[in-house]
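Biologist: Before any term is accepted, I should like to examine the reasoning behind it. Please show me the model.

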Amino acid sequence: MTVSLPEAFIRNIRRDIPGDADALFSVLDGTPPVSVRWNPYKTQSPAEGIPVAWCRYGRYLPERPSFTTDPLFHAGAYYVQEASSMFVEHLLRSTTEPEGARILDLCAAPGGKATLYSTLAGGDGIVIANEVIRSRALILADNIRKWGIGNTMVTNNDPAHFAGLGEWFDESLNVCEEADVFYRIAKTWELDHVDEPLTRWRVHGVNTTFRKFGQFADETLRILDKHRKLYPGYDRDYPDLVGILTRRAAFQKAVTLWREGNGAEARRLVAPYVASPKLRLFWLASWLPGSLFDPLSQLYFELPGFLRK
C-alpha cells in the first residue's frame, strides 16, 4: 500500500469487516472518483458520466477536468461534490417528500448539501442555510448565488438563535405554510402599513387553491389551534382574526362538499356567515351542481371587489 494507514486502524478494520477489508484498503490506495451534481434549473442536459444511484442529479465523471476554467462551473450549472455527500437526498426522500418543504441547514458551508436541499425543495420551498463562521458564510453565500434557484436564505448565526423557530418548520402544513409564517411575523414584529399591493395573485386553471380546498380548511384550523397554544389569550386579543380564520375554514370545507355533490351540508356550514356578500353568493351558488364550480369561480373574479369580501 502506498497510503500509510495506522496499524491499529488496519487491525480494527480486518476484525470488524473481514470480508470487505481488502476492498476498502484497495479503494483508499486508489485514485478517488470525481463526481458532480448538475443543476436542473440551469440546464436540462445532465453531465456525462455514470449516474450516482442515490442522487437523481449526481454523476461520476470518467476523469477530473479543470473545473476552475469551466464557465459552466462558475455559472452554477453543476456543483462538484463527493458522491457520498449526495446520499442525503436518499435519506430525505425516505422520510418525507422534499418538494415545497422548508429546510434548515445549521452547518451549511461550503454549500454542497445546501444547494442539494435547494434543488429538492424547488420553487415552492425554502431553505435556510446557516454558517456560524463568517468567513465560511461568505463562501456559502457565493455558492448559493451561483446555484441561483432563489429559494435559499444564507444566515450567519449561532445555532441557538434558531431554537425558538421549531414551528416555522412545520411538516403538518403543506398548503398554508406561508399564512402561518406571516401571521406569526405580524404577531412578533412591528410592521409598517403599505397601502399599495406588493404582489398580485395570478389565477389559472390548475391553481392548487381550487384543487385543495378541503386541505386548506383543515390546515387553517390547525394554524388557529397552533396559535392559540403559542399565544395565550389569542381569542381575546385577536377576535377579528379568529373570526376570519373560522369563517374561511368553513367556506373552504363547504366548497369541497359542494364539489362532491353535498350542497346541503355545504350550505349548513356557511349559514352562520351569509351576512358576508361572498358567502351569500356561495350559498346561492351551492344550489347548482358542484360541477359548475370552475366556470362560476372564473365569473366570481370578474365581480366588483365589494362582492368578494
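Modeller: This is a predicted model, and zero disulfides are found in the structure.

Biologist: What makes a pair of cysteines count as a disulfide?

Modeller: The two sulfur atoms must lie within 2.5 Å; the structure holds zero such pairs.

Biologist: Why is Cys-55 called buried?

Modeller: Its relative accessible area is 2%, and buried means under 20%; Cys-55 is therefore buried.

Biologist: Why, then, is Cys-107 called exposed?

Modeller: Cys-107 has a relative accessible area of 59%. The cut-off for exposed is over 50%, so Cys-107 qualifies.

Biologist: What makes helices α11 and α12 roughly antiparallel?

Modeller: The axes of α11 (residues 239–259) and α12 (residues 263–270) cross at roughly 170° and come within 8 Å. Angles over 145 degrees count as roughly antiparallel, so the term applies to this pair.

Biologist: Which residues make that contact, and of what character are they?

Modeller: Among them are Phe-251, Leu-257 and Trp-258 of α11, with Ala-266, Leu-269 and Val-270 of α12. The contact residues comprise eight nonpolar, one polar and two charged.

Biologist: What is the strand order of the open sheet?

Modeller: The order is β2-β3-β1-β4, with antiparallel pairing of the four strands.

Biologist: Why are β2 and β4 called edge strands?

Modeller: Strands β2 (50–51) and β4 (78–80) each pair on one side only. Helix α5 (residues 112–121) packs on the sheet, where this helix touches β1 and β4.

Biologist: How do you know that β1 and β3 pair?

Modeller: Pairing requires at least two bridges; β1 (residues 34–38) and β3 (residues 58–61) have four, in the antiparallel sense, so they qualify. Gly-58 in β3 is the bridge partner of Arg-37.

Key
Residues are numbered from 1 along each chain as its sequence is written. This is a predicted model: local features need pLDDT of at least 70, side-chain atom pairs count only at pLDDT 80 or more; totals for chains, interfaces and linings use all residues. Side-chain values use heavy atoms; hydrogens and water are left out. Helices (H or I, at least four residues) and strands (E, at least two) are DSSP runs, numbered from the N terminus. Contact means heavy atoms within 4.5 Å. Axes are lines fitted to C-alpha atoms, for helices over the stretch in contact, and angles run from 0 to 180 degrees between N-to-C directions. Buried means under 20% relative accessible area, exposed over 50%, partly exposed in between (1.4 Å probe, protein chains only). Angles under 35 degrees count as roughly parallel, over 145 as roughly antiparallel, 65 to 115 as roughly perpendicular and the rest as oblique. Ala, Val, Leu, Ile, Met, Phe, Trp, Tyr, Cys and Pro count as nonpolar, Asp, Glu, Lys and Arg as charged, and the others, Gly among them, as polar.
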